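Me: Please give me a close look at a single part of this structure, after a short account of the whole. Explain the terms as you go.

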Amino acid sequence: MSLSTQPRLQLWTEGHVVHAVGEEHGRDLTRIALFPRQVELLEDTPDDDDDDDVRILHGGPGTAKTILLLLRGVSWSRDGCDTVFNIQTRHDGEAAAYLVSHQLRETVARARQGDTVAQPVFTVQHVNMAPWWDQRNKDWTEEGRLAVAAWCDARSEDRKVHIIADEANGHIISHLYRELKGRGCTVKLWAAGVKLKIPDDMTRYVRQITAPLRCPPCVVREVEQANGMKHGRVPRYTKPPVKPPCDGPPVITITHYKEDYSGDREGHQAEGEDVPWRCEECGRRVAHTLLHTLHLGRHDNGPGEQGGLRYNDVFIMGPYIDCAPDTPDDNGDSPAPFIRGLRQLGIPTRVVHPGDSEAVRRVAENSWTGVAVADAVTIVEERTVWGLERKVVVYLDMGRGLDADTTGRMVSMSRSTAQVVWVKPEPYRYR
Ligand SMILES: [Zn+2]
C-alpha cells in the first residue's frame, strides 16, 4: 500500500471553495475544500456597530481553523493591512505560531505575484504573550501587565490593529481585546482553539466549527472517543455534508506487551520495559511497518513524485518522552532504545526538543534545506507539535488504560492526515 503525496485528504463539496495555502518544494502544502459553513464564517459580517472584526473559532482538531485564520489574514492584506500580529498565548503554542507566520507570509507573497501595482511590505510579527500570563489567577503577571500595556500603547498610535491567534487561550485573548478597546483601537482579531474558555462578555464572538477536514474517517472515529470530545470540552464533530471518498487506511496496531488474557501473543515485552519508547523491538517493528507496509524511503519518493511517502511525513510521538539532548539514554523517559531499533533498520531520525526553537520552527515549516539529515522521521513529545499535521502519526501510547483517552487520541492521533500506527503498551481493552 502506498499513500499519495498529495498532502491532504481532499473533500469536494457542493458549492465548494478550494484554497491553496502555502507552498513547499513548488507544490501546494495544503489544498483543501472548505464546506459552505466555513465559507459562511469568512463572509459573516461583523455583529458590532464599529469597524471591529472579531471571531473566536472553537472546534476539534483538523476542522480548518488555522486555514480560516490564514484566509482572514490574506484578506486583511488585500485591504491594505501591512502588519499582522501573530499572538502566541500558550507555552506549547510555539509550533502552531511558527506555522501560521510562515504560511501567512508565503500565501500573501504568492497572492501578490503578478500584481502590477506596488504593494506595501507585508510583515507578520510573532509575539509570545504566554510568559506575560498567570494561569492560576487568570490575569497578567506584574511584569506582563507592564509589557502588555506598552505593547497596546504602541498599537494605539496606529489606531487599528490586526491580530491572529491560533491555539489560543481565551482569557488572554479577551484581556488583550479589552486593553486595546480601552485605548480606542479598532480591533481585527481572529482567534481559534480546541479547548477554549471564553469570558461571558466575549462569547458573542465565538463560532463553533465542527466538520472534520484533516483526518480520514477511520482516524476521526478515534479522535471522537477522546474524553475532551465525549465530555463536551471540545465541540463534537459533525458529519461532513458530503460523504468522504474513502474511509482511509485502517489504524495499524503494534503490540508491545507480551500477551493478554484474550490470548493475544503478538507482543515481545522484556522486563523493565513498560512503555514502547524504552523498547528496541518496538523501534524495529515500527521501522518494519514504515518500510514494508507504508513503503517509506522508496526511490520514487522525491518531491513531485506520486505514490510514496517521505520520512519527513512521519511524526513519532507520545506523552512525556524526554527529547532533551542531554538526557541520559538510561533515563526512563528517554526514547533512546526505541530510536536504536529504528536506526538498526536504517530509518533516518531527528529528535526535536521543545526548548530548541530553531528545530521547532523547522518542524512547523517542514523545511529542512541545508540540514545534514534532511529527510528523517521526527520523534517528539506530543505537545511540542500541537497544531501541526503529518501524513503518518506513530503514537507511542504510555498505556495505564488512560493515555489514549485523555490525550493520545486528541493530541497525537489527530495530527494524522492519512495513517495512524498505534503502539500499545499493555493489554488494556481499548474500545
Ligand atoms: Zn516493545
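Reply: The protein exposes about 18,400 Å², an area found by the Shrake-Rupley method with a 1.4 Å probe, where for residues only the protein chains shown count as cover. Carbon and sulfur atoms supply 49% of that exposed area. This is a predicted model, in which local features need pLDDT of at least 70 and side-chain atom pairs count only at pLDDT 80 or more, while totals for chains, interfaces and linings use all residues. Residues are numbered from 1 along each chain as its sequence is written, and side-chain values use heavy atoms, with hydrogens and water left out.

Of the 431 residues in the protein, 57% are buried (under 20% relative accessible area; exposed means over 50%, partly exposed in between, with a 1.4 Å probe and protein chains only). The secondary structure comes to 11 helices and 16 strands; these are DSSP runs, at least four residues of H or I for a helix and at least two of E for a strand, numbered from the N terminus. Contacts (heavy atoms within 4.5 Å) with a separation of 6 or more are made, in 77% of cases, by residues 24 or more positions apart.

The part to look at closely is the zinc site. Which residues coordinate the zinc ion? They are His-256 through ND1, His-268 through NE2, and Cys-279 and Cys-282, each through SG. The distances run from 2.0 to 2.3 Å. Donors are N, O and S atoms within 2.8 Å of the metal (3.2 Å for Na, K and Ca), and sites may look incomplete, as water is not among the atoms. The angles among the 4 donor atoms are 101 to 117 degrees, and the site is tetrahedral, a label for four donors with all angles between 85 and 135 degrees. Along the sequence, the donor residues follow the spacing H-x11-H-x10-C-x2-C. His-268 sits in the loop between β11 (252-255) and α8 (280-293), and Cys-282 sits in helix α8, 14 residues away, a pair that links distant parts of the chain. Both His-268 and Cys-282 are buried.

Helix α8 also holds Gly-283. Gly-283 counts as buried because its relative accessible area is 0%. Beyond its neighbours within four places in sequence, Gly-283 is in contact with Phe-338, Gly-341 and Leu-342. Gly-283 and Arg-343 have 8.2 Å between their C-alpha atoms, although they are 60 residues apart in sequence.

Strand β11, at the other end of the loop that holds His-268, belongs to an open sheet. This sheet has 6 strands in the order β11-β16-β15-β12-β14-β13, with parallel pairing. Two strands pair if DSSP finds at least two bridges between them. At the edges are β11 and β13 (349-352), each paired on one side only. From one strand to the next, the twist averages 20 degrees. β11 pairs with β16 (residues 416-424) in the parallel sense over 4 bridges. Opposite Lys-424 in β16 stands Thr-255.

Which strands does helix α11 touch? This helix, residues 403-412, packs on the sheet against β12, β15 and β16. Its direction makes about 160 degrees with that of β15; such angles run from 0 to 180 degrees between N-to-C directions, with axes fitted as lines to C-alpha atoms, for helices over the stretch in contact. Helix α9 (residues 336-344) lies across β12 (314-318), β13, β14 (377-381) and β15 (390-396), and runs at about 160 degrees to β13.

In helix α10 (residues 357-365), the buried residues are Ala-359, Val-360, Val-363, Ala-364 and Glu-365. Their cover includes α3 (94-112) as well as β12, β13, β14 and β15. Asn-366 follows α10 and lies in the loop between α10 and β14. Asn-366 is not a glycine, yet its phi is positive, about 50 degrees. Its relative accessibility is 10%, so Asn-366 counts as buried.

Glu-167, in the loop between β8 (160-165) and α5 (170-182), is not a glycine either and has a positive phi of about 50 degrees. Glu-167 counts as buried because its relative accessibility is 7%. Helix α5 contains His-175, which is buried with a relative accessible area of 17%. Not counting residues up to four places away in sequence, His-175 touches Trp-133, Lys-138, Asp-139 and Trp-140.

Key: Tetrahedral: all angles 85-135°; square planar, octahedral: opposite > 155°, others 65-115°.
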